[in-house]
Amino acid sequence: MVGVVTCGEDISSSEHAISLATPRPMVAVAVGIHPHRAASCDGAALSRLRELAKERTVVAIGEIGLDFSGRSAPRDLQAHAFRSQLDLAAELDLPVVVHVRDAGAEARALVASAAVVRGQVHCYSEGPEAVAEWASLGFHLSFAGTLTFERSDRLRQALRRVPEERLLFETDAPYLAPSPHRGRRNEPAFIVATVAAAARERACDAAGLAERSVANARALFGTRIAV
Ligand SMILES: [Zn+2]
């Protein structure tokens, strides 16, 4: 284990993540308002986020994005929160961690119209055809335990198409524990199972792939991600 990026989903969880990371050099933070919490993204929240983003542990704005699965906030509120936080990331020259569910085309349109040119699509869930589109927007694609699930053939096809320098892995803990840990509370150590599955799929060496993904994370999030 060399480092962790932990994400906020609103102001209070972003503050909590910073207090967790401050005494722990291996933990870096993304601060942001998740699409589920889009209704809370008003002017006061955005100015608090601007302050939080200047803390030394903060490496990104996230999770932000769009979730059109039907279990999230109204779409217009989500779009407003996403656009406002993309603008904030551009202003502060920070990468973004983007949550996208059933809203790939809409999310890419907002990203393309913003000044931000780099970020991570977290827990990638689209098919192989969207990989090149995200890559052309300057984004890294991050794969979670879903990659190891039996039904995830399209996700594995997508994985094979990701340029090596754009590939990241994540746990999305405490959710989505990879096989063979499925059903348990996910934790950072389980990332090894996801990387091993990815290495099998890409017919490459797992240790080399792990090293490459750490280098990619450092390229995106900076040197707080230790080597
Ligand atoms: Zn998410």
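Visitor: Which residues are the protein donors of the zinc ion?

Guide: This is a predicted model, where local features need pLDDT of at least 70, side-chain atom pairs count only at pLDDT 80 or more, and totals for chains, interfaces and linings use all residues. Residues are numbered from 1 along each chain as its sequence is written, and side-chain values use heavy atoms, with hydrogens and water left out. Donors are N, O and S atoms within 2.8 Å of the metal (3.2 Å for Na, K and Ca), and sites may look incomplete because water is not among the atoms. At 2.0 to 2.2 Å from the zinc ion, the protein donors are Glu63 (OE), His99 (ND1) and His122 (NE2).

Visitor: How are the donor residues of the zinc ion spaced in sequence, and how far apart are glutamate 63 and histidine 122?

Guide: The spacing of the donor residues is E-x35-H-x22-H. Strands (E, at least two residues) and helices (H or I, at least four) are DSSP runs, numbered from the N terminus. Glutamate 63 belongs to strand 3 (residues 58-67) and histidine 122 to strand 5 (residues 119-122), so the pair ties together parts that lie apart in sequence by 59 residues.

Visitor: Is glutamate 63 buried or exposed, and what is its relative accessibility?

Guide: Buried means under 20% relative accessible area, exposed over 50%, and partly exposed in between (1.4 Å probe, protein chains only). Histidine 122 is buried, with a relative accessible area of 7%. Glutamate 63 also counts as buried, and its relative accessibility is 12%.

Visitor: In what order do the strands of the sheet stand, and which strands are at the edges?

Guide: Two strands pair if DSSP finds at least two bridges between them. The open sheet has 7 strands with parallel pairing, in the order 1-2-3-4-5-6-7. Each edge strand has a single partner, so one side of it is left without a neighbour in the sheet; these are strand 1 (4-7) and strand 7 (167-169).

Visitor: Which residue stands opposite serine 142 in strand 7?

Guide: Strand 6 (residues 139-143) pairs with strand 7 in the parallel sense over 3 bridges. Strand 5 and strand 6 are also a parallel pair over 3 bridges, with valine 121 opposite leucine 141 in strand 6. Opposite serine 142, in strand 7, is leucine 168.

Visitor: How many residues of strand 6 are buried, and which point one way or the other?

Guide: In a regular strand the side chains alternate between the two faces of the sheet. In strand 6, 5 of the 5 residues are buried, so this strand is largely enclosed by the rest of the structure. Phe139, Leu141 and Phe143 point one way, and the other way point His140 and Ser142.

Visitor: Where is aspartate 102, and what is its phi?

Guide: Aspartate 102 is in the loop between strand 4 (96-101) and helix 4 (104-113). At 58% relative accessibility, aspartate 102 counts as exposed. Although aspartate 102 is not a glycine, its phi is positive, at about 55 degrees.

Visitor: Which residues does a cis peptide bond join, and in which loop are proline 174 and proline 180?

Guide: One cis peptide bond joins alanine 173 and proline 174, with omega about 10 degrees. Another joins serine 179 and proline 180, also with omega about 10 degrees. Proline 174 lies in the loop between strand 7 and helix 7 (191-202), and the place of proline 180 is likewise the loop between strand 7 and helix 7.
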